[in-house]
Amino acid sequence: MRQRKQKIPLRVVQTIVAVFFAALFLFPTVLTITNSFMSQSEIWANYGVIFGSPGDGAYMAERVNLKLIPDMVTFHQFNTVLIQSPDYLFRLWISLALVIPIVLMQVLVASLAAYSFTRFRTKRKEVLFFAYIILMLMPFQVTLVPNYLMARFLNILDTYWSILLPGFVAPFSVFLLTKFMRRIPKSYIEAAMLDGAGEFQIFRRIALPLCKGALYAVAILVFIDYWNMVEQPLIMLSDWEMHPLSVLLSRINNAEIGAAFAVATIYMIPSLLMFLHGEEHLIEGITYSGGIKG
Amino acid sequence: MKKTLAKANRRLGDKFYSGAFLGPSVVGVALFFIVPFFVVIYYAFIDNPVGQNFVGFRNFQNVLGNLSFQDAVRHTVLFSALAVPLAVVLALGLAVLLEQKIPMKSQLRTFFLSPMMVPVASIVLIWQVLFHQNGAINDIISNIGTATGLFEFSGIDWFTSPYSQLPIVVLFLWRNLGYNMILFMAALNNIPRDILEVAQLEGGKPWFIFRTIKLRFLSPTILFVTILSVINSFRVFREVYLLTGSHPYGRLYMLQHFMNNMFDLLDYQRLAAAAILMTLAMIAIIGIMFIVEHWYGRDIEG
């Protein structure tokens with residue numbers, strides 16, 4: 001009896017703490033989305049003090065005014081971004097044209113390699129796999145230097161190939177997919193071999209379907225990594241006109257600040273959709289990434 | 001005779017397939033990472049790409065003595081020292097919280113994880129609004145000060161103040177806590193139930209059980225999350241660049257800024273030497289992780 005009395009308040013406290021943190025975590029995203037429905041003048045009124053005034057005597061609050069719900073919901077900013085200024089759409093197109101091929105090719109190359117690391121385990125292979133892990137853990141400051149030198153040698157600097165090609169073969173997904181594939185029971189593969197299946201058949205008909213969730217998880221992780229890319233364009237592409245939206249958003253000028261929230265919202269839609277659709281797979285994928293040891 | 005031939009044939013076949021599957025990846029990795037890395041090593045020991053005279057460790061001394069490099073290292077280490085412990089402790093806290101009997105657990109988990117899928121570029125606007133001189137954070141602090149009568153706070157511009165790393169630490173935590181939390185939740189789930197049940201039957205208090213049993217089983221995960229967070233903290237350049245550009249104030253000048261400047265100056269010698277120094281530092285960190293994980297995990301893995 002005494003214990004029960006104590007337990008209920010504890011649960012309430014825990015729930016309040018959890019909801020408080022959840023609200024903190026959601027707040028920036030929600031604020032960005034709701035503010036994208038504000039009119040230009042409302043944005044200036046609320047944030048003009050930070051991003052500079054339009055200079056035509058528009059009302060501007062002295063301090064920042066965080067507002068979750070716009071006074072008047074308007075799609076004007078989206079209209080600006082999507083219809084009136086093609087530059088944003090063009091940058092979004094660059095982002096997509098870089099990220100989608102990288103995700104597809106990296107997952108393909110990595111799943112082939114993961115199959116090899118799973119099926120043909122020799123001493124030499126284990127050493128190689130270890131090298132992949134080390135490489136995966138290296139920060140950009142290290143890996144971009146060799147990437148850059150090779151791109152210079154191949155004469156592909158200032159072209160999108162200098163970002164695409166290293167992206168196709170980045171070792172991160174090899175590691176995660178290998179960890180998944182090594183969990184496929186050996187008996188499945190042996191049964192297929194007895195039925196006369198060749199290695200490519202086993203790969204396509206058994207290994208890949210059994211790793212569907214993992215492939216999706218890896219695709220999500222690779223997608224968000226490259227959707228966020230900043231370092232590669234800065235170093236590989238000297239022409240700013242070629243930079244994707246992920247770099248451009250930081251250089252948006254004050255006159256366009258109203259549209260900035262709308263651009264930011266549009267830019268988060270693809271990754272958030274992938275997240276909501278594949279959350280279970282993603283969580284499983286993260287769980288498997290824990291621990292370096294196979 | 002036939003049997004050995006068949007066996008030899010199969011071994012040959014295995015070799016062929018093993019190579020065919022691995023080929024694209026190995027060729028690519030060799031081409032873009034391994035082979036040019038040897039060029040990096042070569043560049044680190046010569047005076048310039050034209051003369052190509054061997055200069056010993058002079059390039060390394062050059063980099064280590066460079067004031068910008070020293071600043072960049074100091075700031076990056078300071079950032080890691082601030083962000084990593086918080087990223088570990090708070091994530092563990094959230095994981096334990098979601099283990100309790102509270103409603104809407106799976107929704108809460110989704111909310112905590114969602115920031116990792118929000119592009120940094122999309123969120124920098126809000127961070128500027130929050131941490132500006134006239135921003136919301138300053139208002140909140142000064143309101144608290146006025147309301148409690150304890151202090152007066154007129155506000156600072158966070159990004160140009162001595163506390164410029166704090167907004168970035170908050171952003172780092174916001175984006176990374178969810179991932180770490182998932183790792184801890186999985187580890188908590190893996191603790192054998194019977195041990196916990198026995199401890200409860202014996203009358204162990206929750207805090208005692210957490211300290212003596214759960215933490216013990218979590219130690220490999222704590223290490224892994226720590227290393228992961230250290231590596232992620234080196235990548236925080238993205239956030240800094242998007243918030244403050246390529247020439248940030250004081251304490252936000254990070255290692256990647258230094259590297260970018262060297263790229264701009266086409267100073268391959270310093271670039272190469274700096275990359276090698278960082279590789280060595282990373283190998284040391286990873287090596288320590290392996291040793292500690294091996295040493296710590298022994299008695300619970302077996």
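This is a stop-by-stop tour of a predicted model, with a selection to make at each step.

**Stop 1: chain A as a whole**

Select chain A and show it as a cartoon. Chain A has 14 helices and 0 strands. Read from the N terminus, every element in the run is α. Chain A holds 294 residues, and 55% of them are buried. Now look at how the chain folds back on itself. Among contacts in chain A with a separation of 6 or more, 77% join residues 24 or more positions apart. Switch to a surface view. Chain A exposes about 13,700 Å², and carbon and sulfur atoms supply 66% of that area.

**Stop 2: A:Gln106**

Select residues 86-119 of chain A. This is helix H4, and A:Gln106 lies in it. Is A:Gln106 buried or exposed? A:Gln106 counts as buried, because its relative accessibility is 1%, under the 20% limit.

Show the side chain and look for polar partners. The side chain of A:Ser173 makes a polar contact of 2.4 Å with the side chain of A:Gln106. A polar atom of the A:Gln106 side chain also lies 2.8 Å from the backbone oxygen of A:Gly167.

Now widen the selection to the surroundings. Beyond four places in sequence, A:Gln106 touches A:Pro101, A:Gly167, A:Phe168, A:Ala170, A:Ser173, A:Val222 and A:Tyr226.

**Stop 3: the largest cavity**

Rolling a probe the size of a water molecule over the atoms shows where empty space is left. Here the count comes to 3 cavities of 30 Å³ or more. How much space lies in the largest cavity? About 1,100 Å³. Its lining has 43 residues, and those closest to the centre are A:Phe172, A:Leu221, A:Asp225, B:Asn232 and B:Arg235. Select these five to centre the view.

Next, select residues 212-227 of chain A. This is helix H11, which gives the largest share of the lining, 5 residues. Colour the lining by residue type. It divides into 28 nonpolar, 10 polar and 5 charged residues.

**Stop 4: A:Ser271 and B:Pro119**

Select A:Ser271 in helix H14, residues 257-289 of chain A. A:Ser271 counts as buried, because its relative accessibility is 0%. Which residues does A:Ser271 contact, leaving aside neighbours within four places in sequence? In chain A they are A:Phe223, A:Ile224 and A:Trp227; in chain B they are B:Met117 and B:Pro119.

Move across to B:Pro119. It is found in the loop between H4 and helix H5 (120-131) of chain B. B:Pro119 is buried, because its relative accessible area is 0%. Not counting residues up to four places away in sequence, B:Pro119 touches A:Ile224, A:Trp227, A:Asn228, A:Tyr267, A:Met268 and A:Ser271. Then add B:Arg175 to the selection. The C-alpha atoms of B:Pro119 and B:Arg175 are separated by 9.6 Å, with their positions 56 residues apart along the chain.

**Stop 5: A:Leu66**

Go to the loop between helix H2 (40-51) and helix H3 (76-84) of chain A, the place of A:Leu66. A:Leu66 is partly exposed, with a relative accessible area of 30%. Contacts outside four places in sequence reach both chains: A:Phe27, A:Leu31 and A:Tyr47, then B:Val129, B:Leu130 and B:Ala136. Put a distance marker on A:Leu66 and A:Tyr47, which are 19 residues apart along the chain. Their C-alpha atoms are separated by 8.2 Å.

**Stop 6: B:Leu215**

Select residues 206-234 of chain B. This is helix H9, where B:Leu215 is found. B:Leu215 is partly exposed, at a relative accessible area of 28%. Leaving aside neighbours within four places, its contacts are B:Leu92, B:Phe210 and B:Ile222. Add B:Leu188, 27 residues away along the chain; the two C-alpha atoms are separated by 9.2 Å.

**Stop 7: two positive phi angles**

Finish with the backbone. Select A:Asn155, in the loop between helix H6 (140-153) and helix H7 (161-168) of chain A. A:Asn155 is not a glycine, yet its phi is positive, about 65 degrees. A:Asn155 is exposed, because its relative accessible area is 66%, over the 50% limit.

Then select B:Met104, in the loop between helix H3 (67-97) and helix H4 (105-113) of chain B. B:Met104 also has a positive phi in a residue other than glycine, near 60 degrees.

Methods
Residues are numbered from 1 along each chain as its sequence is written. Chains are lettered from A and ligands numbered from 1 in the order in which they are written. This is a predicted model: local features need pLDDT of at least 70, side-chain atom pairs count only at pLDDT 80 or more; totals for chains, interfaces and linings use all residues. Side-chain values use heavy atoms; hydrogens and water are left out. Helices (H or I, at least four residues) and strands (E, at least two) are DSSP runs, numbered from the N terminus. Buried means under 20% relative accessible area, exposed over 50%, partly exposed in between (1.4 Å probe, protein chains only). A polar contact is a pair of N or O atoms within 3.5 Å; within protein, one must be able to donate a hydrogen and the other to accept it, and residues adjacent in sequence count only if both atoms are side-chain atoms. Contact means heavy atoms within 4.5 Å. On a 1 Å grid over the protein atoms alone, a cavity is a set of points where a 1.4 Å probe fits but cannot get out, and a pocket is an open set with protein on both sides within 12 Å along at least five of seven lines; lining residues have an atom within 4 Å of a point. Grid points are joined across faces, edges and corners, and a volume is the space filled by probe spheres set on the points. Ala, Val, Leu, Ile, Met, Phe, Trp, Tyr, Cys and Pro count as nonpolar, Asp, Glu, Lys and Arg as charged, and the others, Gly among them, as polar. Accessible areas come from the Shrake-Rupley method with a 1.4 Å probe; for residues, only the protein chains shown count as cover.
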